[in-house]
Amino acid sequence: ESVQYLASFTSLTCLDLASSRCLEGTSLGGLSIITCLMNLNLSRCDKIRDEGLLSLCSINSLTILNLRSCSGFKGIGLRAGNALTALKDLHMDRCPGLTNEGLVAICTITCLTSLNLAFCRKVSDAGLMGISSLKRLTRLKLFGCQFISNTGLSYLHGTTSLTELDISHCSRITDRGLKELHVATGIKEVILYSHVEGVQKILSLIDFRVRARF
């Protein structure tokens, strides 16, 4: 009911519903009537399920969507994400339920330029297989995704637009994975705020910028 009331504000461009307890089911689809809505913050809304994500796909004016720290979905509800034709910036960090299948669904949003998956601990190498379909992606955060390894990095080789990658606290990534990534992409900055095995050996051999703290 509260979402239906908000939908009457048809000129809204930015809406912050962080930590709301009333968002669930398909109610979010009611926001699609706000044709100017560009920035939507739904962080810490734990009642949002995958059917709610599917409803969000009808809000095709969105350019920024924040779903940080939402624990109620797997992400598969974004399987219709190709309808989000304006979405550039997606925050899915600290979503404990996000799965590899959910990440595959996210990869249908092919206009994304920035994707934050930090501390999504169910995401592994297999989830990154579809990332190469995001041809416009320039920034990817995998901070704290502990099951990402060199194999996962190899799936990024097709993302030639990628300029910034955060793999801090991804302890399964080694110097070999970084060297292969450097050869295959035009990446300019890698963020390593943790120890990555053997990485100190290659910092002098590659010409992309590395922000590192060991």
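Select Asn150 first: in this predicted model, the residue is buried, with a relative accessible area of 8%. Because the cut-off for a buried residue is under 20% relative accessible area, Asn150 falls within that class at 8%. The residue sits in helix α4.

Next, display the side chain of Thr174 together with that of Asn150; a polar contact of 2.7 Å joins the two. Then extend the selection to the other residues around Asn150. Leaving aside residues up to four places away in sequence, Asn150 touches Arg172, Ile173, Thr174, Arg176 and Gly177. Of the elements in view here, α5 spans residues 175–184.

Remain in helix α4, which covers residues 150–154, and move to Gly152. Is Gly152 buried or exposed? Its relative accessibility is 0%, so Gly152 counts as buried. Now add Asp125 and Leu128 to the selection: Gly152 touches both, again not counting residues up to four places away in sequence. A distance drawn between the C-alpha atoms of Gly152 and Asp125 should read 4.1 Å, although the two residues lie 27 residues apart along the chain.

The tour now turns to the nonpolar core. Nonpolar side chains tend to be buried together in soluble globular proteins. In this chain, the largest nonpolar core holds 60 residues. Select Leu40, Leu42, Leu67, Leu115, Leu142, Leu165 and Ile167, which touch the most other members of that core. Then colour α1 (2–6), α2 (50–56), α3 (100–106), α5 (175–184) and β8 (189–192), each of which supplies at least two residues of the core. Which element provides the largest share of this core? That element is α3, with three residues.

For a closer view, centre on Leu42. Beyond residues up to four places away in sequence, Leu42 touches Leu17, Leu23, Leu28, Ile48, Leu56, Leu65, Asn66, Leu67 and Cys70. Among these partners, Leu67 is also listed with Leu42 among the core residues that touch the most other members.

Finally, zoom out to the whole chain and colour by secondary structure. Five helices and nine strands appear, and their order along the sequence is α-β-β-α-β-β-α-β-β-α-β-α-β-β. Buried residues make up 50% of the 214 residues. Among contacts with a separation of 6 or more, 65% are between residues 24 or more positions apart. With the surface switched on, the chain exposes about 9,600 Å², of which carbon and sulfur atoms supply 51%.

Key. Residues are numbered from 1 along each chain as its sequence is written. This is a predicted model: local features need pLDDT of at least 70, side-chain atom pairs count only at pLDDT 80 or more; totals for chains, interfaces and linings use all residues. Side-chain values use heavy atoms; hydrogens and water are left out. Helices (H or I, at least four residues) and strands (E, at least two) are DSSP runs, numbered from the N terminus. Buried means under 20% relative accessible area, exposed over 50%, partly exposed in between (1.4 Å probe, protein chains only). Contact means heavy atoms within 4.5 Å. Accessible areas come from the Shrake-Rupley method with a 1.4 Å probe; for residues, only the protein chains shown count as cover. A nonpolar core is a set of buried Ala, Val, Leu, Ile, Met, Phe, Trp, Tyr and Cys residues joined through side-chain atoms within 4.5 Å. A polar contact is a pair of N or O atoms within 3.5 Å; within protein, one must be able to donate a hydrogen and the other to accept it, and residues adjacent in sequence count only if both atoms are side-chain atoms.
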